[in-house]
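I opened my notebook to look at cores, ring pairs and pockets. Here is what I looked up, entry by entry.

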Amino acid sequence: MSCFDGKYTSILESALETVDGLIITDNEGKIVFLNKKYAEMMHVTVEDAVGRNVREIIPQTRMDIVAKTGHAEIGSVHLIDSSTPVVCNRIPIKKDGQILGCVALTTFRKLDEVNGLLGEIERLNFEIKQYKSELGKLRGAKYSLEQIVGNSSLMQQVKNLLQKVAPSTLTVLISGETGTGKELISHAIHQLSPRRHKPFIRINCAAIPKDLLESELFGYEEGAFTGAKKGGKPGKFELANEGTLLLDEINELPLYLQSKLLRVIQEKEIERVGGVKTIELDVRLVCTTNKNMLDLVRKGEFRQDLYYRVNVVEINIPSLRERTEEIEPLIDHFIAKVNRNHGLHITGIHSGVVQLCRRYDWPGNIRELEHVIERAAVIAVSGKLGMEHFDYLLPRILEAVSADARDATGPSLEDAKETAEKQAIVKALLKANGNKTLAAGELNIHRTVLHSKIKKYGIVL
């Protein structure tokens, strides 16, 4: 008994009529079937259309071409009666490798229905991009090369080396004092590498208790120690697989972990704490340090063989006092940032304050400068930043510009008096933003006397 007898035939016929538009031709282009909906669209009867060449009914059709080439055409848009747009799928009918004909199916009667679906797809794609972007922010690098402020010759050397090294898989050691922007450089290396769409994982070796550092780096298996999570936990190396791992302040890594890290770098594989399974890795390693690593090697605090493994390429970040010409653009950058983050309206900074900042040695480097500008901006709220907003910094600057006080080994009473007088003059000038008349008034002396003392002490702001 045929499966198309009786009620099955009725179901099949009903199914064919349910479709918006369905037409079937043989391999010569003659119509062998079309449903009533398609016939209505073409203003013909089913009986009149069957047996005729498809181009007589649909002049712009490509069904005969599909029947010859055997290549399906999906999502093709064409006009019926030169006015009604429909979306059509043309699919060759094959059996045992032979093309028997072609079936054309109109998926939508009106193009605006397609546009609605396309709009929905576009919306979903946009949401996916947003989710990917958010995930990238959580797992990826935050900063790019363009966000590194500074065009001094020293920083240009850093940027040039960074751009050369980033595309490789070489391990990089970024050295420099605290606050110089080493982590920012590591982000830029990841962003410029072929791994930029893969994870960028960070771990500060100094911020994690030494007894927890091993499990944080290499992960652990269930039951590895008291309090271990059920199912275990992947470490930073696993999370960074195919991406980049930043070991911040690697100089703080305990000696017993240095040997394990050396093995991971050499073998490109790890074992979780309490585990026996070897996990292969493909991780690009970037390390930072604020110490002289060779000194640590000489003292026996850092393994020499590991030092040469992590120091394949070293990028040294100069301190802020070595590139004082970048203080002003950095101040402008931080003012814009603090305005954006705190809703302030700081319009600039007095030139006298900039000169003041140039005289300071900035032991905390760029991080300290950012915090000083942020504090002054929050106090000022709007307008230009003046000396009155930098009360936190003034005592330190006065000490910095008082070279006589710093260098004297046994100052006399006269030396002490001159140092105090010089500091008072400098403070008054800074408070007056360089205006000598206002500074003289503040000191209660005549302007010519002030000018004479400025010349005597060689004060330059």
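**Entry 1: aromatic pairs**

Is F237 buried or exposed? I looked up its relative accessible area and got 4%, so F237 is buried. I keep in mind that this is a predicted model.

Next I checked its ring partner. The ring centres of F218 and F237 lie 5.6 Å apart with the planes at 5°, so I wrote the pair down as stacked. The two residues come from distant parts of the chain: F218 sits in helix α9 (residues 210-218) and F237 in helix α10 (residues 236-239), 19 residues apart. F218 has 0% relative accessibility, so F218 counts as buried too.

I then turned to Y220 and F225, which make an edge-to-face pair, 4.8 Å centre to centre with 65° between the planes. How accessible is each partner? Y220 has 7% relative accessibility and therefore counts as buried. F225 is at 35%, so I noted F225 as partly exposed. My tally of aromatic pairs came to four.

**Entry 2: nonpolar cores**

I wanted to know which residues hold the most contacts inside the largest nonpolar core. That core has 39 residues, and the ones with the most contacts inside it are I331, I349, W362, L369, I373, L385 and F390. Elements that each supply at least two of its residues include α14 (327-342), β13 (345-349), α15 (351-359) and α16 (365-380). Further along the chain, α19 (413-431), α20 (436-443) and α21 (447-457) also do so. The largest share, seven residues, comes from α16.

I picked F390 for a closer look. Leaving out residues up to four places away in sequence, F390 touches I349, V353, V372, I373, A376 and L385.

I also found a second, separate core of 31 residues, with L173, I270, F302 and V310 among them. A general reminder for my margin: in soluble globular proteins, nonpolar side chains tend to be buried together.

**Entry 3: the largest pocket**

How much space lies in the largest pocket? I noted about 750 Å³. The pocket is lined by 26 residues, and the closest to its centre are T180, G181, L184, I366 and E370. The elements that give two or more residues to this lining are α8 (182-191), α14 and α16. Here I met α16 again, the helix with the largest share of the 39-residue core.

Last, I sorted the pocket lining by class. I have 10 nonpolar, eight polar and eight charged residues on the page.

Methods
Residues numbered from 1 in each chain as written. Predicted model: local features only at pLDDT ≥ 70, side-chain atom pairs only at ≥ 80, totals over all residues. Heavy atoms only, no water. Core = buried A, V, L, I, M, F, W, Y, C linked by side-chain atoms within 4.5 Å. Buried < 20%, exposed > 50% of the residue type's maximum accessible area, 1.4 Å probe, protein only. Helix = DSSP H or I, 4+ residues; strand = E, 2+ residues; numbered from the N terminus. Contact = heavy atoms within 4.5 Å. Phe/Tyr/Trp six-rings, centres within 6.5 Å; stacked < 30°, edge-to-face > 60°. 1 Å grid on protein atoms, 1.4 Å probe; cavity = no way out; pocket = protein on both sides within 12 Å on 5 of 7 lines; lining within 4 Å. Points joined across faces, edges and corners; volume = space filled by probe spheres on them. Nonpolar A, V, L, I, M, F, W, Y, C, P; charged D, E, K, R; others polar.
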